[in-house]
Amino acid sequence: MKPPGFDYHRAASLDEACELLSACGEGAKILAGGQSLIPMMNFRLARPRVLIDISNIAEPNPVSEEPGGIRTRATTVQRVVENSSLVQEKLPLLSYAIRHVAHTQIRNKGTIGGSIANADPASELPAMCLALDAQFELRRHGARRTVPAAELFVTYMTTSLEADEIISSILFAEPPKRSGWGFHELARRSGDYALAGSSAVITLDGANRCTRARIALFGVAATPVRAITAEESLLGQVHSASLVKDAAHLVQGVLEPESDMHVTAAYRRSVAEVLTVRALDDAFRRALAAR
Amino acid sequence: MRTTSRVIGATKHIGVSRKRVEDPLMLMGKAKFVADIQLDGMLEIAFLRSSHAHAQISRIDLEKASKHPGCIKIYTSADWDTGVTTFQQHQGNLQPVYMPFFAGEKVRFVGEIIAAVVAPSRYLAEDIVDLIEVDYEPSPVNFDAEEAMKPKRREEELVHAEIPGNVYFTDRFEKGDVAKAFREADVVVKEKVEAARVSAASMETRGVIADWAWDDTLTVWSSTQMPYPLRTHIAHALQFPEQNIRVIALHVGGGFGQKCVFYPEEFILPWIANDLRKPVKWIEDRREHFLSAAHAKQMTMHMEVAMKKDGTILAMKCKTIADTGAYSEHPFGGLIDPCPGNAVLPGAFTVQNLQHETIAVLTNKMGIGPYRGTGMSGTTFAREMLLTKAARLLNIDIADIYYRNFIKKDEFPFLTATNQTYDSGDYHQVLDKLLKLSEYRKLKQQPRSLSSGRLRGVGISFFVEPTAWGSLAAEECGVRGITAHDTATVEMDPSGKVTVRSGQFGHGQATRTTLAQVAAETLGVRFEDVRVHEGDTDRAAYGMGTFASRSAVIGGGSVMRAASDVRKKLLKIAAHVMEANEADLNIDEGVVFVRGSPDRCMTVAELAHITFFDRFRRPSTDDVEPVLSSTRHYDPPLTYSNGSHFVMIELDPQTGEIQIKRIIAVEDCGTVINPQVVEGQMRGGISQGIGMAMLESLEYDKNGQLSNASFMDYLVPNALTLPDIECAHVSTPSPVTEGGIKGCGEAAMLSIHCAFGNAVADALSDFGILVPMSMPIGPQQVLDLIREAGTAKQ
């Protein structure tokens with residue numbers, strides 16, 4: 001479990017990282033927290049020719065508020081976002097979800113951008129991008145573009161990033177007033193990748209009718225998925241057990257789970273629905289209590 | 001004679017929670033493990049391991065690899081075509097299984113060694129391994145034990161051509177009239193029960209360093225549990241003089257039985273060091289560990305229990321099929337699971353009609369070796385799950401089934417249905433204590449369903465653990481080929497301090513602490529004045545090592561015997577020096593004094609000094625030799641510990657998730673040397689037992705590839721899996737061992753998983769009689785059980 005040989009560059013800035021990525025061409029990989037890449041290299045399953053290390057780039061304002069939401073630099077370690085008072089106040093769902101990412105030690109190294117770019121469908125952060133209408137700022141040498149969450153995740157461990165592109169920051173939208181959230185996942189042990197997970201954000205009007213809904217699931221398909229049909233079934237409705245049950249059943253339409261050594265695909269389907277009921281109930285309860 | 005003022009108190013060392021002398025080094029990070037050893041000019045080794053589970057090797061091409069600039073040498077079976085054969089003595093119809101150190105024409109499991117690459121660093125060595133080309137001609141994979149036993153068309157389909165049917169050992173035992181008991185039974189429960197393949201997964205993986213020196217000596221560092229037997233086996237395999245070999249296991253980061261196997265690497269490294277005349281090092285990585293460090297416990301049990309209406313167990317039948325992998329690991333082999341497993345079937349019960357059958361099967365997987373509790377984990381699970389089901393069918397609480405069938409405290413020594421002789425115990429007292437501490441009866445009266453929607457379940461289990469693996473113990477556990485006595489040397493130096501050389505070797509068990517307590521107690525010296533040497537064949541005494549709950553009894557007993565000799569020698573000299581009657585002398589805290597007149601005293605240090613250096617004061621050396629040391633042997637009779645576990649869980653019936661809310665353990669291991677150390681064993685065993693019960697399973701696919709060879713997918717319990725574990729004790733000293741000591745190391749893995757399974761059945765009791773019949777019990781298994789109940793009702 002030692003990696004094959006590789007070249008190593010330490011970038012002083014994102015601009016330099018983009019330059020290096022463009023100059024090194026194929027076989028170059030960005031090293032951020034290294035929590036997934038380094039084990040893959042040790043198993044010799046990943047064999048990058050060049051590593052461009054961005055873990056030492058100190059950027060100002062790792063987490064900042066701007067109109068429409070909270071922006072986090074991609075290089076920010078997960079623990080900083082989790083503990084940010086701004087995030088805890090404006091995006092409690094994000095902070096709560098990050099607490100389920102592995103363990104403290106790993107969150108002290110793993111970055112927000114790294115987890116998103118890795119695009120493991122069972123991990124929490126990609127799903128949070130869907131639940132919180134995230135926009136990604138992507139950079140390459142001499143160019144930048146913005147991509148919405150819905151367009152980033154292509155399939156298992158694959159994003160729409162070009163080979164020479166880097167995620168530079170993520171803008172998570174702050175849900176409107178009178179919103180509530182819910183998050184439930186099931187893992188074999190605390191800290192493991194979820195067998196299945198579901199999250200919800202619900203916004204209510206003055207008559208407690210649902211005006212906006214987001215339901216994002218993970219661990220149940222080749223990418224994190226939003227259950228838009230289920231979301232739409234809630235609009236204009238007030239909370240009831242049957243409303244939530246029926247909406248949760250509609251998530252089945254977007255699930256394409258697989259079986260593995262831990263549980264079957266059927267298990268994932270059944271539990272994803274159960275967890276969605278719980279996430280929706282929590283979200284409605286919090287929204288009702290919100291001002 | 002100088003008098004010293006002191007307090008004569010009854011300073012007892014045995015029974016005191018002495019702080020572990022091992023801990024400071026561990027806590028400061030100064031303990032040395034194999035990977036910490038650095039020698040000048042040391043080279044590193046990486047192995048090419050088979051990527052096929054079952055194949056003929058038609059070609060090994062080293063050309064590209066040997067041209068790599070870092071390549072120093074590559075070894076294959078062409079260089080050293082030897083191996084070991086099952087350690088076979090007096091073991092029924094066992095057919096020896098030959099295990100080559102390097103696979104030759106054939107590979108039999110994924111991970112088997114094909115070549116060893118020597119390079120200046122492990123990184124380079126792994127690069128060179130990648131360049132070796134091997135052509136495999138795959139054969140059908142023997143994936144499932146019961147399938148592997150079916151007739152094969154061609155010889156190459158067999159794991160070993162010379163072993164037809166892939167079965168290398170069978171045994172059948174019957175006592176009493178089993179058929180009659182089944183005819184007369186009110187209830188018969190019959191089930192197929194399965195225990196998964198697991199790994200002890202110690203924190204420190206295996207590792208070997210070998211260093212040949214110009215005086216033709218060989219020093220071998222290995223992360224092993226048995227340094228002395230390893231020395232003997234290396235000497236034999238390498239034809240190297242044993243007195244010139246030194247095996248050192250300084251600190252070992254966990255063994256659990258997995259490291260009382262002699263592995264090919266432990267022979268290959270010394271052989272290469274001898275060939276190259278350079279020190280060589282190999283540290284097993286975690287992937288290698290999962291692939292090629294002994295697996296354990298995979299068995300299928302076809303079990304039946306016959307019961308009377310009142311809960312009396314009339315008879316048991318169990319056919320145990322052990323999937324023991326491709327080789328019979330040296331020295332215990334795959335028999336270490338099914339043989340002891342069947343031997344402990346009667347448990348704490350008086351039942352006298354019993355039949356069992358053992359079948360050891362070869363498959364294309366890593367071999368089976370010992371792991372805490374061995375196959376006893378599987379058969380106890382089978383028995384307890386059948387009793388759990390019987391209890392429900394008879395509408396009797398399982399606690400009352402225990403009470404009805406217990407051996408009573410005045411019935412010892414008791415000969416069980418499998419001919420084990422239980423020495424002592426008070427099972428009623430132990431179970432009473434557990435039920436009281438846990439409020440079990442009250443909890444059983446309460447509804448299962450909680451306001452959270454979760455279901456609460458409580459479960460108990462009772463175990464009897466065979467401990468003190470000496471030769472007799474091994475035989476009573478169905479492993480006749482093992483001779484496992486031990487020795488200890490106790491020496492007093494001229495300053496009156498004490499050195500203990502033990503054949504035991506602690507790797508977490510704190511034998512350096514507990515054996516010092518035993519020596520201090522027996523000699524009457526201060527605990528701080530005793531030092532224990534172990535784990536280094538140039539310093540310790542020949543012994544089999546630490547495994548199978550044996551060290552407290554055998555190590556403690558041999559130290560007690562040797563220390564008692566030294567005490568007698570010292571008192572003889574003291575009687576002469578102090579002009580007192582030997583019978584009137586006593587020793588306490590390093591002071592020899594005359595009973596009744598404590599002011600007539602001398603320190604042990606003064607007496608030791610006189611013994612060594614003062615020829616005018618000591619007795620004539622013709623009468624008393626001035627030697628304050630003794631080496632003694634001990635091969636005790638088997639002694640049986642017992643105890644009971646309680647588990648309370650909350651189960652989510654919608655997801656199958658289980659949270660453990662409370663665990664209580666009551667243990668009776670006779671005389672307790674150090675309660676804190678015993679509780680460490682209880683807690684550690686419970687953690688591993690819970691891992692086995694709810695998480696752990698090595699998953700081979702049909703091609704014989706191990707799907708979860710990393711800690712990401714092979715799930716061991718973490719700190720949040722377990723609640724704080726509550727421990728309590730009962731002590732009925734053994735009448736047959738030195739000091740009344742019994743072992744305790746494996747106890748939990750004969751029981752905690754059963755209590756857990758029992759708790760799952762209890763939590764699900766509103767759905768019907770649902771008893772898990774396989775381990776591990778994860779969320780999938782829980783939902784499957786509930787679904788079965790739904791299907792049954794329709």
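**Notebook: the A–B contact and one sheet of chain B**

I looked up the contact between the chains first and found that 23 residues of chain B are in contact with 16 residues of chain A, contact meaning that the C-beta atoms of two residues, placed from the backbone, lie within 7 Å. I note that this is a predicted model, in which local features need pLDDT of at least 70 and side-chain atom pairs count only at pLDDT 80 or more, while totals for chains, interfaces and linings use all residues. Residues are numbered from 1 along each chain as its sequence is written, and chains are lettered from A and ligands numbered from 1 in the order in which they are written.

On the side of chain B that touches chain A, I found that helices H3 (122-131), H8 (286-292) and H20 (779-793) of chain B each supply at least two residues, and that H3(B) gives the most, with 4 residues. Helices (H or I, at least four residues) and strands (E, at least two) are DSSP runs, numbered from the N terminus.

I then turned to an open sheet of 4 strands in chain B, which has mixed pairing and the order S22-S30-S31-S32; strands pair if DSSP finds at least two bridges between them. Its edge strands are S22 (455-467) and S32 (725-729) of chain B, each pairing on one side only.

Within chain B, I saw that S30 (residues 639-651) and S31 (residues 658-668) run antiparallel and are joined by 10 bridges, with B:Val647 standing opposite B:Ile663 in S31(B).
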